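Trainee: Could you take me through one part of this protein chain in detail, and then show me how that part fits in with its neighbours? I'd like to follow the reasoning step by step.

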Amino acid sequence: MARHAGRVAGPGREPGKRAGSRSGGSASEGGAHVQGTLALPANLSRSLRHLDDADLDRLLEAATAEARRRGRLDGKTATGRAHGKPTPVTTGQEKLILAAFGAGLKPSAIAREFRLSRAQVEGVLKDAGQGGR
């Protein structure tokens with residue numbers, strides 16, 4: 001790849017253009033929405049080491065503001081479920097777990113189907129006297 005004025009130009013890119021830049025302006029110009037996805041480096045943590053303290057502070061501030069805007073600062077994942085605290089198994093789910101196990105499904109497959117942990121499924125099976133494994 002050729003380097004021009006401190007910017008990297010690769011195959012199919014014009015010299016002086018950064019990866020991911022588009023002609024016609026950026027999202028910050030006039031509030032226009034740029035369609036497409038932004039490609040992050042394959043090894044983001046190694047790339048962040050090259051930022052100076054001021055740039056790292058700006059990045060942290062912007063990422064925190066975006067996470068706050070999306071409601072992600074309260075410990076929730078992209079699916080909206082909180083980390084570390086499993087949802088309780090309902091009575092209906094218990095009945096379905098027992099029926100699925102009786103039909104020959106493995107606890108791990110049942111857990112995936114109901115979006116529960118395998119430990120929760122095995123707990124239901126243990127409480128019902130069916131064994132977990």
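Mentor: Happy to; let's start with helix H3, residues 91-102, and see whether its length makes sense. Twelve residues at 1.5 Å a residue should span 16 Å, and the C-alpha atoms at the two ends of H3 are 17 Å apart, so expectation and model agree. Please keep in mind that this is a predicted model.

Now look at which way the side chains of H3 face. Gln-93, Ile-97 and Ala-100 are the buried ones. Around the helix axis they cover an arc of only 70°, and therefore they sit on the same side of H3. Turn to the other side of H3 and you find Thr-91, Lys-95 and Gly-102, which are exposed. What does the buried side pack against? The buried residues of H3 pack against H4 and H5. Just past the end of H3, Gly-104 has a positive phi of about 105°.

That brings us to those two partners. Two packed helices can be described by the angle between their axes and the distance between the axes. Helix H4 covers residues 107-114 and helix H5 covers residues 118-127; their angle is about 115° and their axes lie 8 Å apart. The crossing of H4 past H5 is right-handed. On the H4 side, the contact is made by Pro-107, Ser-108, Ile-110 and Ala-111, and these meet Arg-118, Val-121, Glu-122 and Leu-125 of H5. Sorted by character, the residues of this contact are five nonpolar, one polar and two charged.

H5 deserves a second look from its own side. Its buried residues are Gln-120, Val-121, Glu-122, Val-124 and Leu-125, and H3 and H4 are among the elements that cover them. Val-121, Glu-122 and Leu-125 thus appear in both lists: they are buried, and they belong to the contact with H4. Take Gln-120 as a worked case. Buried means under 20% relative accessible area, and Gln-120, at 15%, counts as buried because it falls below that cut-off. Setting aside its neighbours within four places in sequence, Gln-120 is in contact with Pro-86, Thr-87 and Val-89.

Follow the chain a little beyond H5 and you come to Ala-128, in the segment after that helix. Ala-128 has a relative accessibility of 40%, so it counts as partly exposed. It also leads us back to where we began: Ala-128 and Leu-98 are 30 residues apart in sequence, with their C-alpha atoms 8.1 Å apart in space. Just after H5 there is also Gly-129, with a positive phi of about 80°.

For comparison, you can repeat the length check on H2, residues 53-69. Its 17 residues should span 24 Å at 1.5 Å a residue, and the end C-alpha atoms are 24 Å apart, so this helix agrees as well. Gly-71 follows H2 and has a positive phi near 75°.

Finally, step back to the chain as a whole. It has five helices and two strands, and from the N terminus they run β-β-α-α-α-α-α. Of its 133 residues, 12% count as buried. Among contacts with a separation of 6 or more, 25% come from residues 24 or more positions apart.

Definitions and conventions. Residues are numbered from 1 along each chain as its sequence is written. Side-chain values use heavy atoms; hydrogens and water are left out. Axes are lines fitted to C-alpha atoms, for helices over the stretch in contact, and angles run from 0 to 180 degrees between N-to-C directions. Helices (H or I, at least four residues) and strands (E, at least two) are DSSP runs, numbered from the N terminus. A crossing is left-handed if the near helix is turned anticlockwise from the far one by less than a right angle, and right-handed if clockwise. Contact means heavy atoms within 4.5 Å. Ala, Val, Leu, Ile, Met, Phe, Trp, Tyr, Cys and Pro count as nonpolar, Asp, Glu, Lys and Arg as charged, and the others, Gly among them, as polar. The expected span of a helix is 1.5 Å times one less than its number of residues. Buried means under 20% relative accessible area, exposed over 50%, partly exposed in between (1.4 Å probe, protein chains only). The arc is that of the directions from the helix axis to the C-beta atoms.
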